[in-house]
Amino acid sequence: MEFWDALYAFVQCVMVLSVWSYLYKDNVFSRISAQIVISISVVHYFMSYLKVVYNQGIIPMTPVGWYPLSAGLWWRIFPIIMGLMLYTRLSRKYSWVSTYTYSFTLGLGTGATLSTVIQGSIIGLIVNAFTAPFLGTTTLDQASGILLLIGAMTGLTYWLFTREATGALSYAIKIGRLFLMASIGLLYAQDVVWSQSLFVGAAEMVLKFVKGVLLGQAV
Amino acid sequence: MTVQKEEEKTIWDKIGNLDYRFIYTLVAILVFIPLVYPLGTPMTVGQNVKDYADTILSLPAGSVVLCKFSGYATMLPDIEPIYLATWKLLLSRDLKFMVQLSDVDAPSIIWMEFAKLKPFFDNYGKVYGTDYMVFPFLSYGEAAEMAFTEDIRSLFPADFYGYSLDDAVHLPMMQTIHSAHDIALLISSSTDYAVRRYLIPYGVKLIAWGTGTGLLPFVPPYYPNQISGYCGGASQGGELEAYTGFYGDGVRYNDAKNLALVGFFVFIIVGNLSYFGSKFKKG
């Protein structure tokens with residue numbers, strides 16, 4: 001392993017072990033590693049977004065010929081001004097100025113979204129809910145699909161607030177609640193598995209240092 | 001002076017109050033064992049993962065694929081197996097692909113991944129600008145997506161390296177690509193955006209990649225009618241590796257996760273036994 005790779009593996013390993021040490025109890029190593037990560041992240045984010053403003057906003061604004069990507073797009077000054085207006089939130093007196101940026105951005109986003117939201121996220125999902133369950137190729141898949149459809153229908157009844165939950169509706173709501181609870185359990189399980197993936201990735205960093213640097217094996 | 005009566009602790013209470021550090025240690029051991037000595041636990045490839053790969057495999061030669069790459073460092077272990085297997089799959093086909101970087105970490109991560117895949121680039125003779133290209137980082141919103149789909153050059157006059165998209169020497173592939181009309185497939189990390197901005201207005205085929213928590217809970221309502229296939233989290237990354245034959249860390253990670261899950265199951269059972277045992281004891 002080359003020197004810089006070994007140094008990289010060493011830093012990774014030290015950082016991972018420092019963070020893991022928190023699991024035993026809070027200590028100076030875990031606090032230092034947390035501070036390092038937060039500090040680097042803040043600077044990284046700030047510089048990255050600054051670069052975007054420079055490359056996408058300022059350079060294209062300059063008259064053609066000044067820089068290779070100058071385009072004379074003077075109107076790009078407006079998004080920059082609107083971005084700067086957000087910082088008026090730091091002043092109690094002038095914080096109202098920032099609301100113009102928020103309202104403009106929200107309006108633009110909503111307008112763009114509405115153009116296709118009905119077909120994409122409403123009609124499309126309804127069609128999918130009723131057709132996808134019957135696309136299974138095996139009996140098990142089809143049974144699973146029908147169960148999914150029942151779950152979707154009864155799950156929807158849980159959110160019906162315009163009618164008193166009595167009679168058949170009350171049973172549908174109870175069944176729907178079970179499906180909702182099952183799906184929330186599934187979300188939790190996915191979160192556990194996701195955390196495991198991150199843990200495995202971190203464990204791999206420690207192993208890389210031990211095998212590659214300490215034992216001199218190929219990694 | 002008051003005398004506190006200390007309740008006698010039962011075996012169930014003791015099990016329930018197990019020191020959490022013992023649990024962490026056991027899980028760590030269970031994770032490390034398969035990483036050092038791979039076990040090769042059996043794996044089933046899900047239909048959604050098959051559909052994900054098959055959608056890429058079914059593209060005609062010369063098709064253009066747009067990849068939305070939001071690789072952020074903290075989530076990488078959960079998604080990198082998917083990224084790497086997908087890049088290998090794309091490189092092995094006669095396709096052209098463009099990469100959008102939508103997270104601040106993405107510009108660093110993408111080149112790190114491409115460096116790992118250098119043998120694949122060399123082996124399949126893929127050249128930057130001719131077979132693939134990368135856009136600069138941008139945090140996309142709905143309006144930016146819309147602008148990109150209508151006219152790529154209105155959002156990005158240049159690529160990651162600063163070459164103009166009209167530069168036929170450095171970016172020959174971009175001379176025939178102008179808007180979403182020229183894109184055959186989108187590999188997206190989100191569902192609703194992709195459907196609204198690419199499928200509905202332009203009929204672009206969609207597949208999705210992402211983390212286990214960031215993608216899997218949201219994509220099933222769109223699959224398979226709107227999103228043709230999806231692959232989320234390192235577990236499905238392992239499935240993708242197995243299905244495509246491009247093996248990597250995903251299969252090994254699955255080994256480690258499977259064994260660790262056994263530990264979790266044991267603790268869930270022990271926790272429930274403790275709960276119901278102490279409840280039963282108290283009557």
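**A tour of chains A and B**

Start with both chains shown: 44 residues of chain A are in contact with 44 residues of chain B. This is a predicted model.

Next, select three helices of chain A: H2 (28–61), H4 (98–131) and H6 (168–214). Each of these helices supplies at least two residues of the side of chain A that touches chain B. Colour that side by residue class, and the division is 25 nonpolar, 17 polar and two charged.

Stay on helix H2 of chain A and pick A:Tyr49, which lies in this helix. Is A:Tyr49 buried, exposed or partly exposed? A:Tyr49 counts as partly exposed, because 14 C-beta neighbours lie inside 10 Å; a residue needs 20 or more to be buried, and 12 or fewer to be exposed. Then add A:Ile32 to the selection and draw a line from C-alpha to C-alpha. A:Ile32 and A:Tyr49 are 26 Å apart in space, with their positions 17 residues apart in sequence.

Now colour chain A by domain. Domain 1 covers 1–72, domain 2 covers 77–130 and domain 3 covers 135–208. Select domain 1 and domain 3 of chain A: their centres, taken over C-alpha atoms, are separated by 37 Å. The contact of these two domains takes five residues from domain 1 of chain A and four residues from domain 3 of chain A. On the side of domain 1 that touches domain 3 in chain A, four residues are nonpolar, one is polar and none is charged.

Move to chain B and show the strands. Six of them form an open sheet, with parallel pairing, in the order E3-E2-E1-E4-E5-E6. Which strands stand at the edges? They are strand E3 (132–137) and strand E6 (229–232) of chain B; each has a single partner strand, so one side of each is left without a neighbour in the sheet. Looking across the sheet of chain B, the twist from one strand to the next averages 15°.

Within the sheet, select strand E4 (residues 185–188) and strand E5 (residues 205–210) of chain B. These strands run parallel and are joined by four bridges. In this pair, B:Leu186 stands opposite B:Leu206 in E5 of chain B.

Last, add helix H3 (residues 47–57) of chain B. Helix H3 packs on the sheet and touches E4, E5 and E6 of chain B. To check its orientation, compare helix H3 with strand E6 of chain B: their directions make about 115° with one another.

Technical notes:
Residues are numbered from 1 along each chain as its sequence is written. Chains are lettered from A and ligands numbered from 1 in the order in which they are written. This is a predicted model: local features need pLDDT of at least 70, side-chain atom pairs count only at pLDDT 80 or more; totals for chains, interfaces and linings use all residues. Two strands pair if DSSP finds at least two bridges between them. Axes are lines fitted to C-alpha atoms, for helices over the stretch in contact, and angles run from 0 to 180 degrees between N-to-C directions. Two residues are in contact if their C-beta atoms, placed from the backbone, lie within 7 Å. Ala, Val, Leu, Ile, Met, Phe, Trp, Tyr, Cys and Pro count as nonpolar, Asp, Glu, Lys and Arg as charged, and the others, Gly among them, as polar. Domain bounds come from an automatic or database domain assignment.
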